[in-house]
Amino acid sequence: MSDVGISGGMLLQHMGTPAEVAAFFALIERHKSESISGTLDLVTDRLYRRTVPGEQYDSLVDQLAECRRLLQKIQITEGFWDEFKLGDRTKAIDRSAKTAADAFQKIFKSLYTAIDYARADKKNIGYFRPLRLMAWEGPKSHQHEFLPLEDFEKPDIRPIWLE
């Protein structure tokens with residue numbers, strides 16, 4: 001599988017490769033104890049491996065802003081990306097960025113765009129569709145597209161887009 005997207009409303013927004021998206025969440029997980037609330041569970045649990053219901057979009061936006069603030073403190077230095085095994089080419093990471101927040105700008109933008117589209121659903125069709133990360137391309141993408149939402153809520157689920 002070569003890409004991960006986020007489904008929000010009728011939008012499927014490209015986020016990056018599985019390794020890039022996993023690196024984004026790994027850095028947030030590593031630094032979440034430094035957050036104001038001490039938890040970023042809508043991002044590190046709900047968004048990463050499950051779904052985020054529409055009733056939680058406002059809280060998700062707040063937690064994403066806190067994630068951005070935390071990643072803004074992380075300076076990119078020589079060899080920073082080596083642990084994530086991203087190779088020489090990246091689709092969603094700005095390797096010229098000076099901070100992790102700036103490096104992941106495309107992922108942040110994709111998430112906010114998907115939330116905006118999902119919120120428009122409430123206005124246009126009367127209900128929220130949950131946000132979920134999903135395989136964009138590859139052998140699992142078709143299966144993933146039709147996976148029942150309940151399957152995302154199974155205990156100890158591994159993000160399907162990493163399979």
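A residue counts as buried when its relative accessible area is under 20%, as exposed when that area is over 50%, and as partly exposed in between. Keep that in mind as we walk through this structure, which is a predicted model.

Let's start with the charged side chains. Searching the whole structure turns up nine salt bridges, and a small group of them makes a good first stop. Look at Asp 45, Arg 49 and Arg 50, which are linked in a network of salt bridges. Asp 45 takes part twice here. Its partner Arg 49 comes within 3.2 Å, going by the closest N and O atoms, while the side chain of Arg 50 meets Asp 45 with an N to O distance of 3.1 Å. Arg 49 and Asp 45 share helix 2, which covers residues 41-49, and they sit four residues apart, about one turn of the helix.

How open are these three residues to their surroundings? Asp 45 has a relative accessibility of 22%, so it counts as partly exposed. Arg 49 has a relative accessible area of 29% and is also partly exposed. Arg 50 comes out at 13%, and because that is under the 20% cut-off, Arg 50 is buried.

Another salt bridge joins the side chains of Glu 29 and Lys 32, at 3.2 Å from N to O. Glu 29 is partly exposed at 39% relative accessible area, and Lys 32, at 22%, is partly exposed too.

Now for the aromatic rings. There are nine aromatic pairs in the count. In one of them, the rings of Phe 24 and Phe 104 have centres 5.3 Å apart and planes at 70 degrees, so they meet edge-to-face. This pair links distant parts of the chain: Phe 24 belongs to helix 1 (residues 18-31), whereas Phe 104 lies in the loop between helix 4 (100-103) and helix 5 (105-125), 80 residues away. Both of these Phe residues are buried.

Phe 104 has another ring to deal with. Trp 81 pairs with Phe 104 at 5.5 Å between ring centres, and the planes stand at 80 degrees, so this pair is edge-to-face as well. Trp 81 is in the loop between helix 3 (57-72) and helix 4, and Phe 104 is in the loop between helix 4 and helix 5, so the pair ties together parts 23 residues apart in sequence. Trp 81 is buried, just as Phe 104 is.

Step back, and you can see where these rings belong: Phe 24, Phe 25, Tyr 48, Phe 80, Trp 81, Phe 84, Phe 104 and Phe 108 form one aromatic cluster. A charged residue joins the picture at Phe 108, where Arg 68 lies over the face of the ring, 5.7 Å from its centre.

Finally, turn to strand 1, residues 4-8. How many of its residues are buried? Five of the five are, so this strand is mostly covered. In a regular strand, side chains alternate between the two faces of the sheet. In strand 1, Val 4, Ile 6 and Gly 8 point one way, Gly 5 and Ser 7 point the other way, and all are buried. Strand 1 pairs with strand 4 (residues 131-135) in the antiparallel sense, over four bridges. To find a spot where the two strands face each other, look for Ser 7, which stands opposite Arg 132 in strand 4.

Methods:
Residues are numbered from 1 along each chain as its sequence is written. Side-chain values use heavy atoms; hydrogens and water are left out. A salt bridge is a side-chain nitrogen of Lys or Arg within 4 Å of a carboxyl oxygen of Asp or Glu. Buried means under 20% relative accessible area, exposed over 50%, partly exposed in between (1.4 Å probe, protein chains only). Rings of Phe, Tyr and Trp (its six-membered ring) pair if their centres lie within 6.5 Å; planes under 30 degrees apart count as stacked, over 60 as edge-to-face and the rest as tilted. A charge sits over a ring if NZ of Lys or CZ of Arg is within 6 Å of the ring centre and within 35 degrees of the ring normal. Two strands pair if DSSP finds at least two bridges between them.
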